[in-house]
Amino acid sequence: MWTVHALPSPAVDIALWRVDIDPHTNWHASLVTGLPLAEEAKALRFVQIPDRLRYIATRKALRQVLTARDGLNAADLVFQPGRYGKPWLASGRHFNVSHAGAHALIAISERGPVGIDIEQVRPIDHLAQLTAEVCAAAERVWLDKSDDTTRFHALWSAKEAVLKSWGCGIAGNLQRLAVVPDAAVPIHFDGIPLTHTRVWLLPGPFGYVAALAAGPEHNPFDGGKAGQTVPTPDRVRRPV
Ligand SMILES: CC(C)(COP(=O)(O)OP(=O)(O)OC[C@H]1O[C@@H](n2cnc3c(N)ncnc32)[C@H](O)[C@@H]1OP(=O)(O)O)[C@@H](O)C(=O)NCCC(=O)NCCS
């Protein structure tokens, strides 16, 4: 099964939780009990039991923390996918989740869009090639301080958290984004500084790295150029 733990957060306006999932949990149909039909169907489409478990545990934990926090009924929490898949709530509450291996992370923000990412550290074939493909020059300088793949995973996690905060997906965007973790250097997108997006590396469980990002209310996506103020993908899809 799984357990949910509140975590310290680097941002006063963002609350964090970690979900620890027992990888030895045996599959049983009752695990989907309580999920809306669409989510139950999605869970059952995962062929691999660990994938199913991660999805179910994360959705149930997300409902648990959202209902405890906002005093809502679990049944009232209907997640709608944004244009690029980021789920959003009609209540306007900002949240994001990430899952990998035996863990998931949940972020809930009081203020605006949030992105979170957890990565399991694994050996990477062709690290130099991958670095050249997805990292900006400033990121490569940061990576050069160590040849440890953990550092690459941490950078990837920071980039993914930023893109998840913006809600736009990683395909085609990772290489346009430059994030230098732990430094007072603004995030750049297409070479343009975006001072309103914040990013933090988080201490992950052993063997994992994680990152959190908080985007501005508006971001450079959905037809706009970096630095312009345009609606986020999620907001474009919101019913008026
Ligand atoms: C979002 C994305 C970066 C997640 O990658 P990942 O490392 O496999 O997954 P993570 O565990 O970190 O995050 C998954 C969670 O992020 C959320 N999510 C999905 N799409 C998202 C997006 N575009 N932005 C932010 N969060 C997103 C979901 O809650 C998802 O979990 P769930 O399916 O259990 O609800 C990747 O799937 C992606 O780039 N998606 C965009 C796809 C796209 O552009 N589609 C266009 C047509 S729909």
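Biologist: How many residues surround the ligand, and which of them are the closest?

Modeller: This is a predicted model, in which local features need a pLDDT (the predictor's confidence in each residue, from 0 to 100) of at least 70, side-chain atom pairs count only at pLDDT 80 or more, and totals for chains, interfaces and linings use all residues. Residues are numbered from 1 along each chain as its sequence is written. If a residue is taken as near a molecule when its C-beta atom, placed from the backbone, lies within 6 Å of it, then 18 residues surround the ligand, and the closest are Gly85, Lys86, Ser98, Lys164 and Gly169.

Biologist: Which element supplies the largest share of the shell around the ligand?

Modeller: Helices (H or I, at least four residues) and strands (E, at least two) are DSSP runs numbered from the N terminus, and the protein chain has 6 helices and 12 strands. At least two residues of the shell come from each of α2 (49-70), β5 (94-100), β7 (114-120) and α5 (149-166). The largest share, 4 residues, comes from β5.

Biologist: In which element of the protein chain is confidence lowest?

Modeller: The mean pLDDT of the protein chain is 87, with 90% of its residues reaching 70 or more. Over residues 222-240, however, the pLDDT is below 50. Confidence is highest in strand β2 (residues 14-21), at 98, and lowest, at a mean of 36, in helix α6 (residues 233-237).

Biologist: Is isoleucine 21 buried or exposed?

Modeller: Isoleucine 21 lies in strand β2, and, leaving out residues up to four places away in sequence, it is in contact (C-beta atoms, placed from the backbone, within 7 Å) with Trp2, Leu53, Arg54, Ala57, Ala102, His103 and Ala104. A residue is buried if 20 or more other C-beta atoms lie within 10 Å of its own, exposed if 12 or fewer, and partly exposed in between, with C-beta atoms placed from the backbone. Because 21 other C-beta atoms lie within 10 Å of isoleucine 21, this residue is buried.

Biologist: How far apart are the end C-alpha atoms of α2?

Modeller: The buried residues of α2, among them Leu53, Arg54 and Ala57, pack against β1 (2-7), β2, α1 (37-45), β5 and β6 (103-109). The expected span of a helix is 1.5 Å times one less than its number of residues. The 22 residues of α2 should therefore span 32 Å, which agrees with the separation of its end C-alpha atoms, 31 Å.

Biologist: Which residues have the most contacts inside the largest nonpolar core?

Modeller: A nonpolar core is a set of buried Ala, Val, Leu, Ile, Met, Phe, Trp, Tyr and Cys residues joined through C-beta atoms within 7 Å. The largest one here has 54 residues, and those with the most contacts inside it are Leu105, Ile106, Ala107 and Val162.

Biologist: Why does proline 181 count as it does, and what is its exposure class?

Modeller: Proline 181 lies in the loop between β8 (177-178) and β9 (187-189). Beyond its neighbours within four places in sequence, proline 181 is in contact with Trp142, Ala154, Leu155, Ala158, Val199 and Leu201, and its C-alpha atom is 7.0 Å from that of leucine 155, a residue 26 places away in sequence. Because proline 181 has 17 C-beta neighbours inside 10 Å, it counts as partly exposed.

Conventions: Contact = placed C-beta atoms within 7 Å.
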